[in-house]
Each structure stands twice: as C-alpha cells, then as structure tokens.
Amino acid sequence: QVQLVESGGGLVQAGGSLRLSCAASGRTFSNDPMGWFRRAPGKEREFVAAISRSSITYYSDSVKGRFTVSRDNAKNTVSLQMNSLKPEDTAVYYCTFTNSLNVKVSLGYWGQGTQVTVSS
C-alpha cells in the first residue's frame, strides 16, 4: 500500500522560507522519480518540482531559483526547500511518485497535502 505523508507547511510572511518534507512508503523509493505539486484555491493542481532517480531536478518557471527539491533514498524522503516565498505560492502542497518517462506527470498516488500560506 503506497503512503505519502507531507509535513512542514505553515503560515509565513512574504520573503520567508519553509521546508516541506514527504515520507514515502509502499514502493521501492529509489526506483521512482518524485515530485511536488500544489493546488491553490480555485485552481487546478499544478506541477512545482521533481527529482529523478539520479537526482536531476526540474522546476516550474514560477518557482525556479527560489525552490530546491532534494531526496534521501536511505530515508525514503523527498524535501522541498522554499525560499523568497510569495503570496501566490499559497496552496496545498502534495508530493507524489512521478513517471520515469515524464517526471512532471504523477503516477496517481497522493498524500493528504500540507498547507502553505504566505501573507503579504
């Protein structure tokens, strides 16, 4: 049974930082790319960042240069360091296993998400 548990969200002022973590189980973690997506109020869930099995990273244009994704295969965790946060980063953030052929596509496993709220 695949489980994804996100943590680390919260309320932060614009310009601040947060670090999200995701603990994964139920699949061979090191075999899969991992990704972060987010859903803002009234919007569709969108891709934020991904990291391949070999730790090559990918980012959406909106977060490039501000967010950093990393993984720890020994601990089955993936993290998202978010710096220079903006109010438009406010959303529920989800981690997921992603497709090896297209790391920006989820395999369909989702956790409960963690809320990030950035005040202006």
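The paragraphs below lead through a predicted model of one protein chain, from its overall build to a few individual residues.

The secondary structure of this chain consists of 10 strands and 0 helices, so that a reader moving along the sequence meets the pattern β-β-β-β-β-β-β-β-β-β. The radius of gyration is 13 Å, close to the 14 Å that the globule rule gives for 120 residues, and the chain is therefore as compact as a globular protein of that length. Taken along the principal axes, the box filled by the C-alpha atoms is roughly 40 × 25 × 25 Å. Of the 120 residues, 43% count as buried. Among the contacts with a separation of 6 or more, 56% are between residues 24 or more positions apart.

One part of this arrangement is an open sheet of 6 strands, whose order is β2-β10-β9-β4-β5-β6 and whose pairing is mixed. At its edges are β2, covering residues 10-13, and β6, covering residues 57-59, each of which pairs on one side only. Neighbouring strands in this sheet are turned against each other by 25° on average, when direction is ignored. As a general background, the strands of a sheet pair through backbone hydrogen bonds, and they do so either parallel or antiparallel.

The stretch from β4 through β5 to β6 shows how such pairing looks in detail. Strands β4 and β5 run antiparallel and are joined by 5 bridges, and within this pair Phe37 has Phe47 in β5 as its bridge partner. The hairpin of β4 and β5 has 6 residues between the strands, and in this hairpin Gly42 takes a positive phi near 75°. On the other side, β5 and β6 also run antiparallel, here with 3 bridges joining them. Ala50 stands opposite Tyr58 in β6, while Ile51 has Thr57 in β6 as its bridge partner. The hairpin of β5 and β6 has 5 residues between the strands, and Ser55 takes a positive phi near 70° there. How far is β5 itself covered? Of its 6 residues, 5 are buried, so this strand is mostly covered.

From the sheet it is natural to turn to the interior. The largest nonpolar core holds 27 residues, and the members that touch the most others are Trp36, Val78, Leu80, Met82 and Tyr93. At least two residues of this core come from each of β3 (18-25), β4 (34-39), β5 (46-51), β7 (67-72), β8 (77-82), β9 (91-97) and β10 (114-119). In soluble globular proteins, nonpolar side chains tend to be buried together.

Three single residues complete the picture, beginning with Ser106, which lies in the loop between β9 and β10. Its side chain is joined to that of Thr96 by a polar contact of 2.7 Å, and the side chain of Ser106 also reaches the backbone nitrogen of Gly108 at 2.8 Å. When neighbours within four places in sequence are left aside, Ser106 is in contact with Phe37, Thr96, Phe97 and Thr98; Phe37 has already appeared above as the bridge partner of Phe47.

The next residue, Thr114, is found in strand β10. Is Thr114 buried or exposed? Thr114 has a relative accessible area of 9%, and because buried means under 20%, this residue counts as buried. Its side chain reaches the backbone nitrogen of Gly9 at 3.0 Å. Not counting residues up to four places away in sequence, Thr114 touches Glu6, Ser7, Gly8, Gly9, Leu20, Ala91, Val92 and Tyr93, and Tyr93 is also one of the core members that touch the most others.

The last residue to consider is Gln1, whose place is in the segment before β1, the strand of residues 3-7. Gln1 has a relative accessible area of 82%, and because exposed means over 50%, this residue counts as exposed. Apart from residues up to four places away in sequence, Gln1 touches Ser25 and Gly26. The C-alpha atoms of Gln1 and Val105 are separated by 20 Å, and these two residues are 104 residues apart along the chain.

Methods:
Residues are numbered from 1 along each chain as its sequence is written. This is a predicted model: local features need pLDDT of at least 70, side-chain atom pairs count only at pLDDT 80 or more; totals for chains, interfaces and linings use all residues. Side-chain values use heavy atoms; hydrogens and water are left out. A nonpolar core is a set of buried Ala, Val, Leu, Ile, Met, Phe, Trp, Tyr and Cys residues joined through side-chain atoms within 4.5 Å. Buried means under 20% relative accessible area, exposed over 50%, partly exposed in between (1.4 Å probe, protein chains only). Helices (H or I, at least four residues) and strands (E, at least two) are DSSP runs, numbered from the N terminus. A polar contact is a pair of N or O atoms within 3.5 Å; within protein, one must be able to donate a hydrogen and the other to accept it, and residues adjacent in sequence count only if both atoms are side-chain atoms. Contact means heavy atoms within 4.5 Å. Two strands pair if DSSP finds at least two bridges between them. Axes are lines fitted to C-alpha atoms, for helices over the stretch in contact, and angles run from 0 to 180 degrees between N-to-C directions. The radius of gyration is taken over C-alpha atoms; the globule rule is 2.2 Å times the number of residues to the power 0.38.
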